[in-house]
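Trainee: Please take a close look at one part of this model, the strand pairing, and then connect that part to what packs around it. I would like each term to be given with its cut-offs.

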Amino acid sequence: MKVLITGIDGYSGWPLALHLLARGHEVVGIDNFVTRRRVREVGSWSATPIPSFARRQAAVREVLGKEITFYRGDLGRYEVVEKVLATERPDAIVHLAEQRSAPYSMIDVRHAVATQIENVTSTLHLLYAMRAYAPDAHLVKMGTMGEYGTPKVPIPEGFFEVEYRGGKDTLPFPRQAGSWYHWSKVFDSGDVMFASRIWNLRATDVMQGVIYGIRTPEMTDRRLLTRFDFDETWGTVVNRFIAQAILGVPLTVYGRGGQTRGFIALEDSVQSLRIAIEHPARPGEYRVFNQFDAAYSVNHLAQTASRIATELGYSATIAHPPNPRVEAEEHGYEPVHEHLYELGYRRTRTLEEVIREIFTTLRRYRGRLVAKQHVVQPAIDWRQGDNRGSLGTRAPTPPGPPPSSGAA
Ligand SMILES: NC(=O)c1ccc[n+]([C@@H]2O[C@H](COP(=O)([O-])OP(=O)(O)OC[C@H]3O[C@@H](n4cnc5c(N)ncnc54)[C@H](O)[C@@H]3O)[C@@H](O)[C@H]2O)c1
């Protein structure tokens, strides 16, 4: 199958490309490298050094004996999207190329608007180009579990049956997103659902949980590693906690830490995207998959990371700074996730084993963490309209001592 991955240079796009190539699929990618630039904008970098895309292609050629066709381009320009779809006519499109950081979208008005305009525009451009050049292709659109918020009832996979004042219907489950970024994904979902209906397109909207992990089995060479962000803006919570433990600074649990979300290991996220591609939606079908393995509270994640850190010889402590986000800190959380399992998905990685693997891989890059360690402290406050000042004044904090034994 020929698969177009938008955002192929990103944290999950790159491992997905390797995974698909290793299983005989043909991979075409597009990226404009905006994540690389924006991580620099907040004063950070990937803990794993990421080669240029040309070097990544060369490493794939050398190590896996495979080719990736690559377009450098912005999905915000319709002529670019048109050209790629008209030339490649892929069987499936995995759309990952969006601004994906909730804190980044909350910096100020400029960042909020850029996030929403870019994300909604890129999706609309893809939908129009699919209709024109690849009407039978299957779109796997990356959404987020964060679209649903934390309602006090179980969260179905996209739709639920409602009875109201004598009427009965199956309707989209209400969305209650928690950042401008998450709202951009809600708007995307509406657009993808509508386009599938009017143009008979095939679409799977993936409500993805938070990803954790640093490598997948295809990364047999350092040049094949994916990016690993650990700063407060771009690092996801598990990844950030491990970086903090290696740095010897407290693991920052925002507020009381009862916030509970769905999580999935990088390797299993990639596996489930492949399963979605290999079992396409029908023409005109818009289906929703809740893609996560287990729900964990932030306290549970911090305690697990800190326990493993201690076993490995690091001295990890947990701090509870005031929560910069506006969110419930204690709540129930009961999302359903059955569709992927029905298609054969099985979890392959546990939280603990992936945390250990991150420690093992990341400790080689401690110098890169130390060089940027001041960016792990929270500086973007949801209640402020303009956070540019606090980002600029974030004080460098000295890293803690290296581990006492074993792990160095
Ligand atoms: N990482 C997570 O935990 C997580 C969780 C839920 C959902 N998601 C979603 O998964 C997708 C991929 O996430 P990721 O962690 O790999 O993010 P990422 O930022 O590492 O990767 C996205 C890639 O898309 C590229 N890109 C962005 N806008 C573009 C544009 N307009 N044109 C061309 N390229 C563009 C970026 O340069 C980057 O390489 C995103 O849509 C994100 O919202 C991620």
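Mentor: Strand β9 and strand β11 (residues 260–265) run parallel to each other and are joined by three bridges. Strands, like helices, are DSSP runs numbered from the N terminus (E with at least two residues for a strand, H or I with at least four for a helix), and two strands pair if DSSP finds at least two bridges between them. The model is predicted, so local features need pLDDT of at least 70 and side-chain atom pairs count only at pLDDT 80 or more, while totals for chains, interfaces and linings use all residues. Residues are numbered from 1 along each chain as its sequence is written, and side-chain values use heavy atoms, with hydrogens and water left out.

The two strands belong to an open sheet of three strands, in the order β9-β11-β13, whose pairing is mixed. Its edge strands, β9 (210–212) and β13 (294–297), each pair on one side only. From one strand to the next the twist averages 50°. Helix α9 (residues 266–278) packs on this sheet and touches β9 and β11, with a direction at about 80° to that of β11. Contact here means heavy atoms within 4.5 Å; axes are lines fitted to C-alpha atoms, for helices over the stretch in contact, and angles between N-to-C directions run from 0 to 180 degrees. At the level of single residues, Ile211 stands opposite Ile264 in β11.

The loop between β9 and α8 (237–247) contains Thr216. This residue is buried, at a relative accessible area of 4%, where buried means under 20% relative accessible area, exposed over 50%, and partly exposed in between (1.4 Å probe, protein chains only). Leaving aside residues up to four places away in sequence, Thr216 touches Pro15, Leu266 and Glu267.

Helix α9 also provides a link to a second sheet, since it lies across β1, β4, β5 (138–144), β8 (202–208) and β12 and runs at about 145° to β5. The second sheet is open, has seven strands in the order β3-β2-β1-β4-β5-β8-β12, and is paired in parallel. Because β3 (68–72) and β12 (286–291) have a single partner strand each, they stand at the edges, with one side of each left without a neighbour in the sheet. Direction ignored, neighbouring strands of this sheet are turned by 20° against each other on average.

Within the seven-stranded sheet, strand β1 (residues 2–6) runs parallel to strand β2 (residues 26–31), and five bridges join the two. Val3 has Val27 of β2 as its bridge partner. Helix α4 packs on the sheet, touching β1, β2, β3 and β4 (92–95), and its direction makes about 160° with that of β3. Leu4 is bridged to Val28 in β2. In a regular strand the side chains alternate between the two faces of the sheet. On one side of β1, Lys2, Leu4 and Thr6 are buried, and on the other Val3 and Ile5 are buried, so that both faces are covered. In total, five of the five residues of β1 are buried.

What, then, does helix α4 pack against besides the sheet? Helix α4 (residues 78–88) and helix α6 (residues 109–133) pack at an angle of about 40°, and their axes are 9 Å apart. The two helices are therefore oblique to each other; angles under 35 degrees count as roughly parallel, over 145 as roughly antiparallel, 65 to 115 as roughly perpendicular and the rest as oblique. Their crossing is right-handed, meaning that the near helix is turned clockwise from the far one by less than a right angle, whereas anticlockwise would be left-handed. Tyr78, Val81, Glu82, Leu85 and Ala86 of α4 meet His125, Leu126, Tyr128, Ala129, Met130 and Tyr133 of α6. By class, the residues of this contact are nine nonpolar, one polar and one charged, with Ala, Val, Leu, Ile, Met, Phe, Trp, Tyr, Cys and Pro counted as nonpolar, Asp, Glu, Lys and Arg as charged, and the others, Gly among them, as polar.

Helix α6 also holds Thr123, which counts as buried at 1% relative accessibility. Not counting residues up to four places away in sequence, Thr123 touches His95, Glu98, Lys141, Asp188 and Val192.
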